[in-house]
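Work through the exercises below with the model open beside you. Try each task before you read its solution.

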Amino acid sequence: MTTSLGDPTRILIVDDQEDVRSGFRLILGSQPDMTVVGEAADGLTAVGLARTLRPDLVLADIRMPGVDGLEVTRRLAGPGVPDPVRVLVVTTFDHDDYVRTALRDGACGFLLKRSGPGLLIEGVRAAMAGDMLISPQITVRLLQNLAPAPPPAPAAPPPPSPLTAREQEIARLVAEGLTNAEIGERLFITAGTAKTHIANVQAKLKVRNRVGIAAWSWENGLAGPAPRE
């Protein structure tokens with residue numbers, strides 16, 4: 001589903017806690033390019049509203065009465081859905097199984113509620129741009145298992161990097177879990193410039209999202225796993 005140029009993103013908020021829905025409505029409603037068109041306190045109601053209202057994006061919690069957010073994601077955005085709706089999961093629970101299931105079943109992002117309003121807004125915009133945003137702390141943890149074992153002996157010199165020095169720095173910071181705004185602050189550039197660099201890196205590496213950038217960074221020695229607590 002696409003939004004006409006200039007039209008605000010129409011969002012359906014799904015969470016069983018009224019205060020959370022209210023907070024999200026205030027945050028998103030304050031943005032000129034976003035509008036909240038409906039709310040639901042349970043998954044079954046959410047699926048019905050999504051099919052009636054046809055929002056551009058559904059913001060869904062995971063644990064809810066009856067049909068949970070993972071099932072909502074599968075029904076609205078999963079493989080084989082004829083007219084899918086974008087679903088951005090925003091939850092308190094960051095279990096790895098939840099993340100993998102949500103992304104496998106079509107979620108266009110996975111954010112933690114504690115990540116703050118800035119990342120929520122960035123996640124909505126990323127989803128509408130066809131990108132995927134995952135809370136940095138989740139990205140780093142999921143990628144710890146992707147760190148390659150040291151090779152027994154160098155067989156051949158590694159191929160030259162397809163990235164420029166600045167793009168390699170961007171890739172390293174993505175692997176560390178930094179947001180566009182944080183990358184901009186670190187490199188003294190705007191968040192928009194950081195986003196452009198990331199898009200260029202994705203294109204050069206032929207990866208779909210930030211997770212792919214981080215995996216490439218780890219595999220090529222630009223970044224390593226954070227120490228486990």
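Buried means under 20% relative accessible area, exposed means over 50%, and partly exposed lies in between (1.4 Å probe, protein chains only). Helices (H or I, at least four residues) and strands (E, at least two) are DSSP runs, numbered from the N terminus. The model is predicted: local features need pLDDT of at least 70, side-chain atom pairs count only at pLDDT 80 or more, and totals for chains, interfaces and linings use all residues. Residues are numbered from 1 along each chain as its sequence is written, and side-chain values use heavy atoms, with hydrogens and water left out.

**Exercise 1. Helix α10**

Task: Find which residues of α10 are buried.

Solution:
- Start with the range. Helix α10 covers residues 210-219, and eight of its 10 residues are buried, so the helix is largely enclosed by the rest of the structure.
- Name them. The buried residues are R210, G212, I213, A214, A215, W216, S217 and W218.
- Look past the end. G221 follows α10 and has a positive phi, near 75°.

**Exercise 2. The sheet**

Task: Work out the strand order of the open sheet.

Solution:
- Apply the pairing rule. Two strands pair if DSSP finds at least two bridges between them.
- Read off the order. Six strands run β2-β1-β3-β4-β5-β6, with parallel pairing.
- Check the edges. β2 (34-40) and β6 (133-134) each have a single partner strand, so one side of each is left without a neighbour in the sheet.
- Check the β6 contact. Two bridges pair β5 with β6 in the parallel sense. L133 in β6 is the bridge partner of G109.

**Exercise 3. Strand β4 and its neighbours**

Task: Is strand β4 largely enclosed or left open? Then trace its links to β3 and β5.

Solution:
- Count first. Five of the six residues of β4 (residues 86-91) are buried, so the strand is largely enclosed by the rest of the structure.
- Go to β3 (residues 57-60). Four bridges join it to β4, and the two run parallel. V58 stands opposite V87 in β4.
- Follow the chain. From β3 it passes through helix α3 (residues 69-77) to β4, a right-handed β-α-β crossover. Right-handed means that, with the strands pointing away from the viewer, the path from the first strand over the helix to the second runs clockwise.
- Go to β5 (residues 109-112). Three bridges join β4 to this strand, again parallel. V90 stands opposite L111 in β5.
- Follow the chain again. Helix α4 (residues 96-104) carries it from β4 to β5, and this β-α-β crossover is right-handed.

**Exercise 4. Unusual phi angles**

Task: Locate R54 and F188, and say whether each is buried, partly exposed or exposed.

Solution:
- Recall the background. Most residues other than glycine have a negative phi.
- Take R54. Its phi is positive, about 50°, although it is not a glycine. R54 sits in the loop between α2 (43-53) and β3. R54 is partly exposed, at 21% relative accessible area.
- Take F188. Its phi is positive, about 60°, and it is not a glycine either. F188 sits in the loop between α8 (180-187) and α9 (191-205). F188 is exposed, at 78% relative accessible area.

**Exercise 5. A charge over a ring**

Task: Which residue lies over the face of F93?

Solution:
- Set the test. NZ of Lys or CZ of Arg must be within 6 Å of the ring centre and within 35 degrees of the ring normal.
- Apply it. R63 lies over the face of F93, at 3.9 Å from the ring centre.
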